Amino acid sequence: MTPRKADHDHADSAVCAHPVGTNSSARTQSRAIVTAAFGQNAILTTVTTFLLVYLLQYAHISAVGIAVVTTIIAVAKIFDAISDPVMGSIIDMTRTRWGKMRPFILFSAAPVALLTGLLFSVPAIDEPAQLVYFGIVYVLWGFAYTVCDVPLWGLIGSAFSDPIARNRVISRVRAFGAISLGLATLGMPWLAQLLSFAPAGAAEQTTASGWSRAVFAVAIVGMGLYLFAFFFGRERPQEIAKPRLKFKQLFRELFHNTPLLMVLIGSVLGFGRFIVQAGGAVFVVIAYGNAGYFTFIGAAIILGLVIASFLTPRLLRLMSARRLMVGSSVAGTVFYVAMYLVGYQSLIALSVFIFLTGLTLGVFGVVQATMIADAVDDAEARTGVRNDGISFASLTFVSKIMNALAVLVFGLFVVIAGYQDGVTVTPAIQNTIFLSITIVPAISCLVSAVPFLFYRLSGAGHPLADAELQ
């Protein structure tokens, strides 16, 4: 009946307009967003960490095929990254009773879950057909993931107006994202083996179908947790009530936000930070001949990520985001060079340096998102325009560009080394791959520090700008 529908609409609007500043509301939103990010990260981790391993070891793609795969991934991520600002602008121009970000969170969950499982379900057909299948599914997956990723980060900026509270939420999102990374990294091989249903004593305990079942299971659970952001997250009521922003206005404000642009440039130049995640599992197989050893490497980097993610908000109270970002980039350069000089003969020594680089990566993840959020606040103080969607789309934009470059560079080194399934591994192959996860990240970290030196907040009377200038 009409009265009941009106009452329902009024109730939902009242919920959307619930003050975000109350303690109970802030706690509920914080837990919901952290839970959502945890589930989302389980899916992203599975794809970025195990996709090349699956294609090499279980789909039996050749070295030439892997070159095609890495090119597909890189090109798709670049086009996908370009679509992020478009997605962000669509979000900023959206007005519904649920807000401008929550509808996209709701309707993107199922496609992401389905396409994630299909990525790990490459049919046993001729390799050219396999590559076509992979290319189509990967492009669709990238688009669907954009639709689910951009609004989640935009919701963080909209839900928490206090910078200290927002930094705390960002740190927890990064920390629990690292924990999700750990659980997926350490648990996925075992889950794939369990779901392979191989008889005792079989030569192959893990099969391609086992990976397919495992990934489908994780994708469904992960997207289920992701929906917590829709059901319990709330946007700022005053932002929902504002008139629609125009596409031209959004992009004009984006390109006039100099602090934000410095973060984007510095982040892209620092793509080497992601190479260990992109190729670590493959390197372990090449260097040690035992994929199980990746447990130690994965645990080391995850421990560093978690510790750094929880500690970074405290560090941000002692120094500016700019100083912390530059310092962590230089430290990363030192650790990667030292790791190369020590070598990979000792798994323990390698794990120690991986842990140290994980610390710098954890600091980078929190400070990067914090600097973008502060730049959005700064721009709003200067212009009166708040564009959470397109600004936080820049965060996912650079993350995808960084991942694309990391995969492309690592894949290039795999091709140069001549590695593929069944080839005899030589010291030359091992050293070439080791170079890609040490010296390349070292150079990348050092170069990335330069743009961050020019990060300045300039909003008149804005507390963040005043602190940054001091």
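# Reading a helical chain, step by step

Author: Let's start with one residue: V263 sits in helix α11, which spans residues 258–269. Keep in mind as we go that this is a predicted model.

Reader: Thanks! Is V263 buried or exposed, and why?

Author: The general idea is to look at the relative accessible area, where a value under 20% means buried. V263 has a relative accessible area of 1%, so V263 is buried.

Reader: Which residues is V263 in contact with, leaving aside its neighbours within four places in sequence?

Author: Setting those neighbours aside helps you see what the fold brings together. For V263, the contacts are Q368, M371, I372, F452 and Y455. You can also follow the backbone: the C-alpha atoms of V263 and S394 are separated by 9.4 Å, and these two residues are 131 places apart along the chain.

Reader: Let me step back to the whole chain. How many helices and strands does the protein chain have?

Author: The protein chain has 19 helices and zero strands. Of its 470 residues, 56% are buried. Now think about contacts with a separation of 6 or more: residues 24 or more positions apart account for 82% of them.

Reader: And what about the outside? How much area does the protein chain expose?

Author: About 18,900 Å² is exposed by the protein chain, and carbon and sulfur atoms supply 70% of that area.

Reader: I have heard about salt bridges. How should I read one?

Author: Here is the general idea: side chains of opposite charge can pair when their charged atoms come close. In this structure, the count comes to two salt bridges. In one of them, D374 pairs with R166, and their closest N and O atoms are 3.2 Å apart. This pair links distant parts of the chain, with D374 in helix α15 (residues 347–383) and R166 in helix α6, 208 residues apart. The C-alpha atoms of R166 and D374 are separated by 9.8 Å.

Reader: Which residue forms a salt bridge with R166 at 2.7 Å between the closest N and O atoms?

Author: That is D377, whose salt bridge with R166 has its closest N and O atoms 2.7 Å apart. Here too, distant parts of the chain are linked: R166 belongs to helix α6 and D377 to helix α15, 211 residues apart. Salt bridges that share partners join R166, D374 and D377 into one network.

Reader: Are R166, D374 and D377 buried or exposed?

Author: Use the cut-off from before. R166 has a relative accessible area of 0%, so R166 is buried. D374 is buried as well, at 8%. D377, with 7%, is also buried.

Reader: Staying with helix α6, what does S171 touch?

Author: S171 has its place in helix α6. With residues up to four places away in sequence not counted, S171 touches S309, P313 and V366. S171 counts as buried because its relative accessibility is 2%.

Reader: Now the surface. Which residues form a positive patch?

Author: When you look for a charged patch, ask which exposed charges of one sign gather together. Here the positive surface patch is formed by R27, R31, R168, R172, R314 and R317. Helices α2 (23–57), α6 (163–194) and α13 (294–318) each supply at least two residues of this patch. Take R317 as an example: R317 lies in helix α13, and R317 counts as exposed because its relative accessibility is 61%.

Reader: Which residues make a nonpolar surface patch?

Author: V75, I78, F79 and I82 make a nonpolar surface patch of about 380 Å². I82 is found in helix α3, residues 63–93. With a relative accessible area of 48%, I82 is partly exposed.

Reader: One last feature: what is the phi of H60?

Author: Phi is a backbone angle, and its sign is worth checking residue by residue. H60 has a positive phi of about 55 degrees, although H60 is not a glycine. H60 has its place in the loop between α2 and α3. The cut-off for exposed is over 50%, and H60 is exposed because its relative accessible area is 53%.

Conventions: Residues are numbered from 1 along each chain as its sequence is written. This is a predicted model: local features need pLDDT of at least 70, side-chain atom pairs count only at pLDDT 80 or more; totals for chains, interfaces and linings use all residues. Side-chain values use heavy atoms; hydrogens and water are left out. Patches are made of residues with over 30% relative accessible area and no salt bridge: like charges are joined within 9 Å, nonpolar side chains (Val, Leu, Ile, Met, Phe, Trp, Tyr) within 5 Å. Accessible areas come from the Shrake-Rupley method with a 1.4 Å probe; for residues, only the protein chains shown count as cover. A salt bridge is a side-chain nitrogen of Lys or Arg within 4 Å of a carboxyl oxygen of Asp or Glu. Lys and Arg count as positive and Asp and Glu as negative; His and the chain ends are not counted. The place of a charge is taken as NZ of Lys, CZ of Arg, CG of Asp or CD of Glu. Helices (H or I, at least four residues) and strands (E, at least two) are DSSP runs, numbered from the N terminus. Buried means under 20% relative accessible area, exposed over 50%, partly exposed in between (1.4 Å probe, protein chains only). Contact means heavy atoms within 4.5 Å.
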